[in-house]
Amino acid sequence: MDKIYRPPSLQALHAFALAAESSSFTEVADKLHLTQSAVSRKIQQLESHYGAPLLVRNSRGMQLTEHGKAVLEVARKVLGELRMLNEQLTRQDRPFRIRIFVSLAVRWLMPRMIDFYAKCPDLSLSIETVATEAVDPSGECDAYILYLSEMPKDPAFLTLFEEFLVPVCAPSTVYGREPPRALEELEQHTLIHGSTGHHEWTIWLQAQQESAARNYRHMTFNLDELAMDAASRGLGVAMTDLTLAQDAINRGNLLVPFGTPLKTTGVYVLWLQTAGALHPARQRILQWFAQQSADDAAEAHKGLQGRRSDLGDQPA
C-alpha cells in the first residue's frame, strides 16, 4: 500500500512566502498578526518537513537556499490558485471573463450585447480581445470563444455557429465597378484575405472548381476584421463567414454578390474553463449563449433558403 502523502502546512507556506519577500520576521509577523517567534516556528516546521534549510540569515538579511527557491516557486503557485479559487467561490457579482478574437468580438458578440444586458441586467461580462490567429489558453478567464477546424467531442465546448464561407464586398467599389455577379467576373476585382495563409479563398475557389493560382490580384491581412473593413470600403472582395458578416450585410455596408454559402467543417465555439464552471451565474450565461446559437442557426437556415430562391438556376 502506497504511503499517504502529507502536505506541509498552508500557514507555514504562507509565512515562508512572505518571509522570502521581506527583510525580517517582525515584518511578516505584523502582516500575519502573529508573534515573531510563531513565524520562526512555522519556517522551522517547513524546513523540518523538507529536511533542508530554506532561508539563511546573513549581514544582508535573509537569503533563499536552492531548496528554498524551489519551495517558494511552488508555494506562490499554490497560494495564488487558492486565492483565485476563493474569489471565484465567494464573490457573487464578479464579471464573467471571456477571451475572444477581435473579429468575433466586433462582428458577432458586440451586436448582441444589448440583448444580453436586457435579459441579464444584473450580470456583467468582461471581454478580453486577442489579435493573434490563435487564442492563448492561459490567464484567468472563465471561457474562450474561438474558431476550430472541427467540433471536438467534449461537453466543455458549446457550438455557437457553424462556418459558412461567402464572398462579401461593398455595394460599389472605389474603382467604380459594379460588384461581381458571377465567378467569371471575379478576376476583375481584388481578393481580400483575412489570414496570411489565404485559406478561406483557397477552399472556396476549390469548391467552385476554380484554381486559387489563377491571375487574381490579392490584398492580405492577418485579421479577418481588417479584411472585412477593407471590403466595406470598396477595396475588393473578402471571403468570410456568413454569420460574422450578417450584421454588416443587414446595415448595407456589405453584400454577398453571388453564389451560395459554402459549409465547411469549421465551427465557432464557447470553451468553458474550470473558473467558468464555478461562476455563480454560469448557467444563465450559458443559456443565453445557447439561445444566440439557436437564433443564428434559424437565421442561417432562413438566409440559405432565401438565397437559393433568389439565385434560381444561376451558377454558383
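What share of the contacts with a separation of 6 or more in the protein chain comes from residues 24 or more positions apart? The share is 76%. Keep that in view during the tour. The model is a predicted one.

**Stop 1: the whole chain**

Start with the protein chain in cartoon. Eleven helices and ten strands are there to colour. Then switch to the surface. The protein chain exposes about 17,500 Å². Carbon and sulfur atoms supply 52% of that area. Of the 316 residues in the chain, 43% are buried.

**Stop 2: a nonpolar patch**

Select L10, V74, V78 and L82. Together they make a nonpolar surface patch of about 310 Å². Next, select residues 66-90, which form helix α4. This helix gives the patch its largest share, three residues. Pick V78 for a closer look; it sits in helix α4. Is V78 buried or partly exposed? Its relative accessible area is 30%, so V78 counts as partly exposed.

**Stop 3: two tryptophans on one helix**

Leave the surface and show the aromatic side chains. The structure holds eleven aromatic pairs. One of them joins W201 and W204 in an edge-to-face arrangement. Their centres are 5.6 Å apart, and the planes meet at 90°. Now select residues 199-207, helix α7. Both W201 and W204 lie in this helix. They are three residues apart, about one turn of the helix.

How accessible are these two side chains? Take each residue in turn. W201 has 2% relative accessibility, so it counts as buried. W204 has 0% relative accessibility and therefore also counts as buried. The cut-off for buried is under 20% relative accessible area.

**Stop 4: neighbours in sequence**

Move on to W288 and F289. Their rings also form an edge-to-face aromatic pair. Here the distance is 5.0 Å centre to centre, with 80° between the planes. Both W288 and F289 are buried.

**Stop 5: the aromatic cluster**

Keep W288 and F289 selected. Add W108, F116, Y117, Y147, F161 and Y268. Which arrangement do these residues form with W288 and F289? Ring pairs link them into a cluster. Show the rings as sticks and follow the links from W288 and F289 through the cluster, which includes W108 and Y268.

**Last view**

Return to the full chain. Show the patch of L10, V74, V78 and L82 together with the cluster that contains Y147 and F161. Add W201 and W204 in helix α7 to complete the set.

Key. Residues numbered from 1 in each chain as written. Predicted model: local features only at pLDDT ≥ 70, side-chain atom pairs only at ≥ 80, totals over all residues. Heavy atoms only, no water. Helix = DSSP H or I, 4+ residues; strand = E, 2+ residues; numbered from the N terminus. Buried < 20%, exposed > 50% of the residue type's maximum accessible area, 1.4 Å probe, protein only. Contact = heavy atoms within 4.5 Å. Areas by Shrake-Rupley, 256 points an atom, 1.4 Å probe, with all protein chains shown as cover. Patch = residues over 30% accessible without salt bridge, like charges linked within 9 Å, V, L, I, M, F, W, Y side chains within 5 Å. Salt bridge = Lys/Arg side-chain N within 4 Å of Asp/Glu carboxyl O. Phe/Tyr/Trp six-rings, centres within 6.5 Å; stacked < 30°, edge-to-face > 60°.
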